[in-house]
Amino acid sequence: MKRDERGFALLTVIMVMTMLMAVMLAYAVVTRVDQGVTGNAFNRTRGYYAAEAALNLRAEEIRQTFLDYRRPSGTAPADGIGNVPCAGSNQGNGDFVCRTDAFGGRAVVSFIKEMPGNPTSMVVPAGEPFENLNAQRYGYDVHSVASGPRGFPEAILDIEFSSRLVPLFQFAAFYNKDLEIHPGPPMTLAGPVHSNGDLYLGSGGGLDILGQVTTAGRLYQGRKTDTTCYAGGVRVPDPGTLRSLPACSGSALRQYVTADLTPWNGRIRDGVDVLMVPEPEEFDATPGSFYWDNADVRIALKLGVGPPSVELRRADGTVDAAGSTTLNGCGPALSRAVGISSTFYNLRESKSIQMLEINTERLLNCLNENNSLMGGKSLDDATGGGLVWYLTVDGPLSSTINGYGVRVSNGGELRATTGVPTPIRGLNIVSDQAVYVKGDFNATAKKPAAVMADSINVLSSAYGDGEHSLALSAAARQASTAVINAAFLAGTDVTGGVEGPGGQSGAYNGGLENYPRLHENWSGVTLTYRGSFVSLNAPRHVNGPHTTPNLYSPPNRNWGFDTDFNDAARLPPITPRFVYLRQDLFVRDFDR
């Protein structure tokens, strides 16, 4: 081979090797870039989920604050020219403070801003769960920044959400557990119905529910106890026309699936979120419990230490001795504002009841003439929407199953009849024990009113304490007509003692149609009721079963939802509420 040919071959080899090295270098660069892009994408994803977790955590904390009947408070970090949120001393404070949390190996800094104009009143839009209900809306913005291991931001997110507070007494029936409605005669419920458990509907003569029907569990037509379906139809508007639920197949209990409910255009919904409601402890007779702390007057029947006595209690639980003397002297000698009875016999509980007696009109007169008993407040005080009375029995068994009760009578019209006439704004009677409402209550010149208790018993004005014979004759425990206008919140029995299908073999709890406990022969007698039925739990202090024989005969039930409660200004004082969040806007500011 010639020398020039050998040189050309060497040059060719060098060129090929150079090209190969360039290709390999390019491949290495591309590989490194690809690895970097893949790593960045992975880090970005982890940062995104970490930042989102912080948003959800801070939003849930706001919801919990409302559940505790508190409003979030504090100051957000400043955000503007010369102010960098969460830098230096610009940290904010209270519920809105800057905070660092760790999620998935990422440090996430978050803070909350309250939207201007809080709160605003709103009506839940049609098509949403709980449509047409009044709510208070509080708007908030949560901002979060997730940083990677090197301290550089990987994701910045914002969420705007609203916390909606919906009063429970806007429901014709609201149960924090299984709800069963099976009236014999036709019944019309003119408001919404909700169950946080399963919902069982049926009727011997027909059941019309004119509001939205929602359940966090399953929806059935039929009775839970014996898994049978009754011929009476159940109708719900769609929303323009009353439409019957699909019939049962034979006599078997029928469970509806979501597809069965499509024709109602969202007016019937199953599987909705469980709604968070006040815990039973909020109604305890102890300082720190919401209703005890917010009562205008607290009256206790003291048992177990010395002779029984009626005491006026302060918010801290101590006895107001001077106030107690005044209270016990209110009213004529034979008809005091407060008193004590142990002659009432409860067949369902099979025991005599030691009773705190409250003469409603006399107590209103007493408070009107002695406003020191309410810390100087007048009867027309508008704090919380009106007056709140906390009535209790303080005895050896107060915290467990017992034979105690509070009887409220002479409340046909909620007004004072002595002194300077002062109309009340509203009245909420609260007790941790069983309450017995005797005779008409709020029947004349109706005011926003409620009774909230461990259980609620209704007695006609004809009931005498000595009438506890097991015979149900016209001469024994014969009821007279009664009219009650008040929301009811109380514990109710659980069918079979077990929520869900496991309780189907047990005794029937009586259903919504037996929510108020009755003790008389009501046959042919009308009990008129307008209000709202709310049950958050089973009774904690009474356990007599609904199935006690010869306990009562049912009345003509002229029952209905009080549509005045659709107006937030006409709800009873400090109406309990549930809280739910709704996301209004989600912004992904940037990923890095």
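The charged end of R223 sits over the ring of Y508, at 4.2 Å from the ring centre, and this contact opens a survey of a model that is predicted. Across the whole structure, a search finds 27 salt bridges, while the count of aromatic pairs comes to 24. The strands include 11 that form an open sheet with mixed pairing, and helices α3 and α4 are among the elements placed against strands of that sheet, with α3 touching β20 and β21 and α4 lying across β20 and β24.

**Charges over rings**

- In the contact between R223 and Y508, the part of R223 that lies over the ring is its charged end, and the distance to the ring centre is 4.2 Å.
- R243 likewise places its charged end over an aromatic ring, that of W264, with 5.8 Å to the ring centre.
- R243 also takes part in a salt bridge, its side chain meeting that of D238 at 3.1 Å from N to O.
- The two partners of this salt bridge fall into separate accessibility classes: R243 has a relative accessible area of 34% and is therefore partly exposed, whereas D238, at 12%, counts as buried.

**The open sheet**

- The order of the strands in the sheet is β19-β14-β11-β8-β34-β31-β28-β26-β24-β20-β21, and the pairing among these strands is mixed.
- The edges are held by β19 (268–270) and β21 (309–313), each of which has a single partner strand, so that one side of each is left without a neighbour in the sheet.
- On average, and with direction ignored, neighbouring strands of this sheet are turned by 10° against each other.
- Within the sheet, β31 (residues 487–490) and β34 (residues 533–535) run parallel and are joined by two bridges; L489 has V534 of β34 as its bridge partner.

**Helices on the sheet**

- Helix α3, which spans residues 321–328, packs on the sheet by touching β20 (297–302) and β21, and its direction makes about 125° with that of β21.
- Helix α4, which spans residues 360–369, lies across β20 and β24 (387–394) and runs at about 115° to β24.
- Helix α4 is mostly covered, since seven of its 10 residues fall under the 20% relative accessible area that marks a buried residue.
- The buried residues of α4 are T360, L363, L364, N365, C366, L367 and N368, and their packing partners are β20, α3, β23, β24 and β25 (404–409).

**Aromatic pairs**

- Among the 24 aromatic pairs, F283 and Y291 form one that is stacked, with 4.8 Å from centre to centre and 10° between the planes; both of these residues are buried.
- The rings of F344 and Y436 have centres 5.0 Å apart and planes at 65°, and because an angle over 60 degrees places a pair in that class, this one is edge-to-face.
- This pair links distant parts of the chain, with F344 in strand β22 (residues 338–346) and Y436 in strand β27 (residues 435–438), the two lying 92 residues apart.
- F344 counts as buried at 0% relative accessibility, and Y436 is buried as well, with a relative accessible area of 1%.
- A cluster of rings is built from pairs that link Y175, F488, Y515, Y529, F533 and W559.

**Salt bridges**

- E311 and R313 join their side chains in a salt bridge of 2.8 Å from N to O; E311 counts as buried at 14% relative accessibility, and R313 is buried with a relative accessible area of 11%.
- D493 and R348 form a salt bridge through their side chains, at 2.6 Å from N to O.
- The bridge between D493 and R348 links distant parts of the chain, for D493 belongs to the loop between β31 and β32 (517–518) and R348 to the loop between β22 and β23 (351–359), 145 residues apart.
- Both ends of this link are covered by the burial rule, as D493 counts as buried at 17% relative accessibility and R348 counts as buried at 7%.
- R58, E61, R99 and D101 are joined into one network by salt bridges that share partners.

How values were computed:
Residues are numbered from 1 along each chain as its sequence is written. This is a predicted model: local features need pLDDT of at least 70, side-chain atom pairs count only at pLDDT 80 or more; totals for chains, interfaces and linings use all residues. Side-chain values use heavy atoms; hydrogens and water are left out. Two strands pair if DSSP finds at least two bridges between them. Helices (H or I, at least four residues) and strands (E, at least two) are DSSP runs, numbered from the N terminus. Axes are lines fitted to C-alpha atoms, for helices over the stretch in contact, and angles run from 0 to 180 degrees between N-to-C directions. Contact means heavy atoms within 4.5 Å. Rings of Phe, Tyr and Trp (its six-membered ring) pair if their centres lie within 6.5 Å; planes under 30 degrees apart count as stacked, over 60 as edge-to-face and the rest as tilted. Buried means under 20% relative accessible area, exposed over 50%, partly exposed in between (1.4 Å probe, protein chains only). A charge sits over a ring if NZ of Lys or CZ of Arg is within 6 Å of the ring centre and within 35 degrees of the ring normal. A salt bridge is a side-chain nitrogen of Lys or Arg within 4 Å of a carboxyl oxygen of Asp or Glu.
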